[in-house]
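Please examine the structure shown below. The paragraphs that follow lead from a surface feature to pairs of charged side chains.

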Amino acid sequence: MHPEKSLPKDVQKLFSVLLQHFIPPPPDLNLDGIERSINHILARYILALSPLLRYGLLILLKFFEWGPFFFGFGLIRFSNLNFNLQLKYIDKWNHSRVNQLREFLNGVRGMIMAAAMMDKRIWEYVGYAPEEHIHEKIKQHEQLMSSMEV
Amino acid sequence: MILTYDKIVKNIDETCDVCVIGSGAGGAPMAKELQEAGLSVILLEEGSYYQTKDFRNSDTIESLIKLYREGGSTFTIGKPNISYAEGRTVGGSTTINGGICWRTPDKILKRWQWENGLADLTPKRMDYFFSRVEEIISAKPVLSESMNKDSETLKKGAIKLGYEVRANIRSHQACVGTNQCLTGCPTGAKQSTLVSYIPLFLKKGGRLIANCRVRKIKKSGHYVTGVKGVIIDPTTGKTKAHVRIRSKVVVASCGAIQTPALLLRSGIHDKKRLTGGNLFMHPNTKVIGVFDDPIYGWKGVNQAYQITEFMGEGIIMAVNFIPLPIMALAFPHYGKNYLSTVKEIYNHCIFGAALIEDTSRGRVHNLPFDQTLATYQLNQQDFHLALRSIALLSEVYFAAGAKRVYLPLRGLQELHTIDDLRKIYEYRFSPVDLELMTVHMMGTCQMGHDASRSVVNQYGEHHELRGLFVADASVFPTSIGVNPSETIMALSTRSAFHIAENVSKYLE
C-alpha cells in the first residue's frame with residue numbers, strides 16, 4: 001500500500017535513533033544503510049494499517065518523542081538527547097509502572113526490530129536461509145506428490 | 001468465478017439464494033456444501049485472493065500486511081493486553097494457521113448438550129460431519145519427511161517425564177515441513193480452505209468476490225434481505241465500488257470479532273444483548289528453550305506433537321517455530337548483545353506455546369469509522385493456569401536437556417535450571433506481567449436452545465431474524481481447549497445441510 005509515500009521525517013529519525021538502541025550492530029557485522037531499509041519497511045507497514053491505528057500510533061510516537069519533559073529530562077526531544085540519556089529514557093518506559101507505557105514501547109520495539117530482522121545480512125549472520133529452504137521444500141513436495149500419484 | 005478488486009469496474013448488484021460472508025473455516029464449507037446442493041451462492045471475502053505461488057517468498061512483513069488484519073497488530077484491551085491474529089484473505093485464518101485437526105472433545109459436546117440445550121450435538125451425530133470434513137481437508141498424521149528436531153525434542157522431554165503426547169493430525173497433502181504456515185503455504189500442502197473447499201465451491205459454479213467489506217446486513221422486519229458492502233482497493237485503501245447482494249439467506253462467517261461487529265453495526269441485536277459478549281480466546285503463553293545441539297526449528301513442520309497430559313486442567317503444549325523477523329516480537333530483549341544472542345540461540349532453540357482453555361470472558365465493541373475493539377479480562381483462574389503452563393513447558397524443556405529457557409514474564413525472563421522453576425511461584429506476578437497471544441477467538445454469538453441465553457440456535461440461525469446464520473467460532477458456547485478449525489468446519493457443514501434440507505422454508 002502507498003508505495004510512493006513515506007513516513008514523516010521526524011518519525012523516520014525517531015525510528016533510526018531507536019534502532020541504534022534496540023539492535024546495535026555487533027563488531028563483526030556491518031549494517032550500514034539499515035536505517036533506510038527499515039524506514040521503507042515500516043512505511044509500508046504503518047501506512048497499511050487502518051486510519052485509527054495508524055494515526056493513533058503516530059500520535060503516540062509524537063508523545064514519546066516529546067515525553068522526556070514528563071520524565072525529568074528537560075524540555076528536549078528524545079532524538080536530541082545524548083546516547084546515554086536516550087537509553088535511560090527508553091528504560092524508563094520499559095520498566096514503567098504504567099502498563100500502557102511498557103506495552104507501547106514493546107510494540108514499537110517489536111515493529112522496529114521485526115523490520116530490521118528482514119535484513120539479509122542479519123539472516124546470514126544468524127544462519128537463517130528461508131529462501132533456499134523454501135525452494136528445496138517445494139521441489140521435495142512436488143517429488144513426493146508425483147510418487148504418491150504413481 | 002472469482003472477482004477481485006482489479007477486475008471490478010462498476011458497482012455490483014446481484015441476487016442469489018445464499019450470501020456467505022467470509023471464506024475461512026466457517027464460510028468456505030458452508031458455501032461449498034450449499035452450492036453442491038444446488039443453491040446459488042455468492043461468497044464474499046474482505047481480504048485479497050492469493051494463490052500458492054504468491055506465498056513463495058520470504059518477505060514476512062509483506063505477508064503480514066497482505067494476509068493479516070492490521071498486519072497482525074490486533075490486540076484485546078485488558079490486564080494484560082493480548083495480541084491476536086485474524087486472517088484477512090481468501091481462506092481466512094486457515095491460510096495462516098498451522099492446520100491442526102481436532103474433533104470437538106466429547107466432554108465439550110456433553111457440556112454443550114447439558115448447559116446449552118444442544119441435545120443433537122452428540123459425538124455419534126457429529127461423527128458424519130467430522131468425517132466429511134476430514135476427508136475434504138485431508139486430515140492425516142504428519143509425515144516423517146516433515147519431522148524436525150524441535151518437535152522431537154519436545155516429545156523427548158515429555159516422554160522422559162511420563163507425560164502423554166499426541167502425534168498431531170494435520171490437514172495436508174504431502175506436507176514436507178516448509179514451516180511457512182503463518183505466511184501461507186508455499187507448496188500447497190497445507191489444506192486451508194483456499195486450496196480445499198474453495199476450488200470445490202468454484203467448480204460447482206460458485207461466485208467468489210474478494211476485497212469486499214460488508215458494511216451492513218439488510219433486513220426487513222424479521223427477515224434478512226441481503227447485504228451491502230464496498231470493494232476496497234488494498235493498495236490504496238479507497239472504495240472502488242459498491243456492492244449489493246440480495247438474498248433470503250445470509251451467513252456471517254467473519255470470525256468471532258468481525259461477525260458480532262457486523263451484526264451490531266447492522267442493528268441486529270438479541271433481547272439480552274449477548275451479541276459480542278462471551279468472548280474467549282485460548283490465551284497462549286510462549287516459552288523459548290535453548291539447547292546445545294543445533295535444532296533449526298524453521299526447517300520442519302510445526303506442531304508435529306502436542307503434550308495432552310494436562311488437557312483435563314485445560315492446558316495443551318506444542319512447539320511452533322516462527323520466522324526470524326517475528327522472533328523480535330516473541331523475544332522481548334534489546335540492546336548491546338541482542339544480535340549476538342540471537343545468533344547464539346536461533347538455530348539452537350525451540351519456540352513452544354501452551355494453550356489455555358480459558359474461563360475468562362471479553363466483549364467486542366464497535367468504534368467509529370468502521371473499526372472494532374475487543375476487551376478481555378484474564379481472571380485469576382486463567383492467570384494461575386498461565387503460570388502453571390509456563391512452569392510445565394519449562395520443565396519439559398529442561399527434561400529434554402535445555403540449558404536455559406526464556407519466559408514471557410516481566411521480572412523473570414530467564415531460568416537456567418529446573419530448580420529455578422519455583423521462582424515462577426515465588427515472585428508475586430500479576431496478570432499485567434504476562435505476555436500472551438492467541439489465534440483462537442470464539443464465543444461472541446453463542447448458540448443454544450434457549451433464546452434468552454443465546455444468540456443463535458443449534459444450526460447457527462439467529463433466534464430473531466429468519467434467514468440469518470452464523471457459521472464460525474462465534475457460535476461456540478464455551479472454550480473448547482483444542483484447535484478449533486475442524487469444529488468450525490463440522491458445525492458449518494451441519495448447518496449447511498440443515499439449510500439445504502429446509503430450503504423452501506427460507507427461499508419462499
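**From a surface patch to salt bridges**

In chain A, A:F69 is found in the loop between α3 (51–66) and α4 (83–94). The model in which this residue is placed is a predicted one. A:F69 counts as partly exposed because its relative accessibility is 48%, and partly exposed denotes the range between under 20%, which is buried, and over 50%, which is exposed. Together with A:F63, A:F70 and A:L75, A:F69 makes a nonpolar surface patch of about 490 Å².

Attention now turns to charged side chains. Side chains of opposite charge can pair when their charged atoms come close. Over all chains, the count of salt bridges comes to 32. Three of them, in chain B, are described here in turn.

In one of these, the side chains of B:E33 and B:R132 meet with a distance of 2.8 Å from N to O. This pair links distant parts of the chain, 99 residues apart: B:E33 belongs to helix α1 (residues 27–36) of chain B, and B:R132 belongs to helix α4 (residues 123–136) of chain B. Is each partner buried or partly exposed? B:E33 counts as buried because its relative accessibility is 5%, whereas B:R132, at 24%, counts as partly exposed.

Another salt bridge joins B:E46 to B:R69, and the closest N and O atoms of this pair are 2.8 Å apart. Here both residues lie in loops of chain B: B:E46 in the loop between β4 (41–44) and α2 (60–67), and B:R69 in the loop between α2 and β5 (74–76). The two are 23 residues apart, and the pair links distant parts of the chain. B:E46 has a relative accessible area of 21% and is therefore partly exposed, while B:R69, at 10% relative accessibility, counts as buried. Both residues also belong to a network of salt bridges, in which they are linked with B:E86, B:R88, B:R213, B:R215, B:R265 and B:D370.

A further salt bridge is formed by the side chains of B:E344 and B:K403, at 3.8 Å from N to O. B:E344 lies in helix α9 (residues 338–345) of chain B and B:K403 in the loop between α10 (380–399) and β22 (404–406) of chain B, so this pair ties together parts that are 59 residues apart in sequence. B:E344 is partly exposed, with a relative accessible area of 36%. B:K403 likewise counts as partly exposed, at 32% relative accessibility.

Key. Residues numbered from 1 in each chain as written. Chains lettered and ligands numbered in written order. Predicted model: local features only at pLDDT ≥ 70, side-chain atom pairs only at ≥ 80, totals over all residues. Heavy atoms only, no water. Patch = residues over 30% accessible without salt bridge, like charges linked within 9 Å, V, L, I, M, F, W, Y side chains within 5 Å. Areas by Shrake-Rupley, 256 points an atom, 1.4 Å probe, with all protein chains shown as cover. Salt bridge = Lys/Arg side-chain N within 4 Å of Asp/Glu carboxyl O. Helix = DSSP H or I, 4+ residues; strand = E, 2+ residues; numbered from the N terminus. Buried < 20%, exposed > 50% of the residue type's maximum accessible area, 1.4 Å probe, protein only.
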